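Hi,

Here is the structure I promised to pass on. Have a look first, and my notes follow underneath.

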Amino acid sequence: MKKVSILFIGVLLLSCGHRDMPKDEEEIYQETLDDVRDLESRLTEISSASLRDIDSYMRDIDRLEYWNDTTGMSASAKESCAKLELRIKVLKRDAAAVSEQRLKSISIPVEVNDDCLLEKTTAYPVYLEKGDILYYNIGLQKQGTVKLYNADARQLLKTYPGRTKISDSLQISNKGIYLIELAPGGTQYASLDISYRMADHRHDIKKIKSEEIESRAGEFRVGTNKGVVLRAAFDQPRKFTLSSQLKSAFSSAAKSIAVVAVQIPAGATDVLYNLRISTSEQDKSSDGKFPENMNYSYKKVRFLGLPIYESSRSNGLLSTLLDDNRPLREEDAYCNMYVFRSQLAAKQFQDGTKQASQLQYDVDYSTLGTQSCNGRIPAKGSRTIYLAFENERVRYSNYIWVEVLTASPSTEYHTTKYYTD
């Protein structure tokens, strides 16, 4: 450690003739002297202090200033003031030397964990300035790959393929955000000790934030998700009037049933519908917003890795989107909805030649006495699905709005963007 010389001017300073100073100047002098004594006593602790304590001490040193108007003072008073100014200069010089020496030996932790469970590729970001030294000691149970990147420059700096132990360092040539990326090649435990030392203690320790952004195949550190493309089956909501049983019995123009055909494009796996049932014929501002709202909800969850097919799980991607967009219900408005996969059966229902109970419909996804709702119907290879509606109410008519989306699996690309505050 560099030898530190602190100028002590005890007796001479204490013998200053304060009586020769104006009162205000004497108070400033005494307050500054007390601060100097305190900081001098704390200086001996800096050689073993923490980074936080050093930072606090150096802030106090930076705030330490003294200047006094010696006009009209005696020679002894002027001498005391000059000695105090010199004492402050020496203290600042020595504080800078001691703190600089101590900071060169302090390692700032980035990630320290001797029992870290890795299940997927994981990156540890850190902001570094030019001249800093990054240290990394990594132990893996099984072989894995470790990579070191300059994230700002989108540059791969080092690769350690098929290793179980890595112990290395890197002196930083350019300031920026750096990444240590671990690809475990399967679930395994690891021990991590990642830290760095500053070349210049004056730069701040910056917190790293991140967000997932859309990307394209082949771009820097691109990742993939199993996503879904949602397409509207109709340009506008399909609107139907389901007359009451009584009215339809006495008028050939009044129908208590309706059928809508949904064309399913190649590759689509699911049909998502939004059904609004009302006793009023009046449109609502939410009508026609199902595609827009579903795509908006999808954008919010697209990087969470939710599965497209939920089967027995209730938290699948499509269920999550539908839960976010349930239509409001009217207690007095309800009807039957049948799902036909046969064009013939749908036509017979529509023509009234056979009742639904006489036809083969998809029992799993048909609903009797349903109120406003939305739901999912697996395509199961069908090119067309027919949604059929029936009003069984004797006296009251119902009004139906139907919106439909088709869902097709897709591969989406994303990357993690890192930035500082």
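I started with Asp287, which sits in the loop that links β11 and α6. Bear in mind that this is a predicted model. Is Asp287 buried or exposed? Its relative accessibility is 18%, and the cut-off for buried is under 20%, so Asp287 counts as buried. Its side chain reaches the backbone nitrogen of Lys284 at 2.8 Å. Leaving out residues up to four places away in sequence, Asp287 touches Pro237, Arg276, Trp401 and Glu403.

Next, the helix after that loop. α6 runs over residues 290-301, twelve in number, and spans 17 Å from first to last C-alpha, close to the expected 16 Å. Phe290, Pro291, Met294, Ser297, Tyr298 and Val301 are its buried residues. They lie on the same side of α6, because the arc they cover around the axis is only 130 degrees. The other side has Glu292, Tyr296, Lys299 and Lys300 exposed. And what covers the buried residues? Among the elements doing so are β8, β11, α7, β14 and β16.

β11 turns up again in the largest nonpolar core, which has 25 residues. The members that touch the most others there are Tyr273, Leu275, Leu387, Phe389, Ile400, Val402 and Val404. Two or more residues each come from β9, β10, β11, β12, β14, β15 and β16, and β11 gives the largest share, four.

Leu387 is worth clicking on: setting aside neighbours within four places in sequence, its contacts include Val260, Tyr273, Tyr338, Ile377, Val402 and Val404.

Cheers

Key:
Residues are numbered from 1 along each chain as its sequence is written. This is a predicted model: local features need pLDDT of at least 70, side-chain atom pairs count only at pLDDT 80 or more; totals for chains, interfaces and linings use all residues. Side-chain values use heavy atoms; hydrogens and water are left out. The expected span of a helix is 1.5 Å times one less than its number of residues. Buried means under 20% relative accessible area, exposed over 50%, partly exposed in between (1.4 Å probe, protein chains only). The arc is that of the directions from the helix axis to the C-beta atoms. Contact means heavy atoms within 4.5 Å. A polar contact is a pair of N or O atoms within 3.5 Å; within protein, one must be able to donate a hydrogen and the other to accept it, and residues adjacent in sequence count only if both atoms are side-chain atoms. A nonpolar core is a set of buried Ala, Val, Leu, Ile, Met, Phe, Trp, Tyr and Cys residues joined through side-chain atoms within 4.5 Å.
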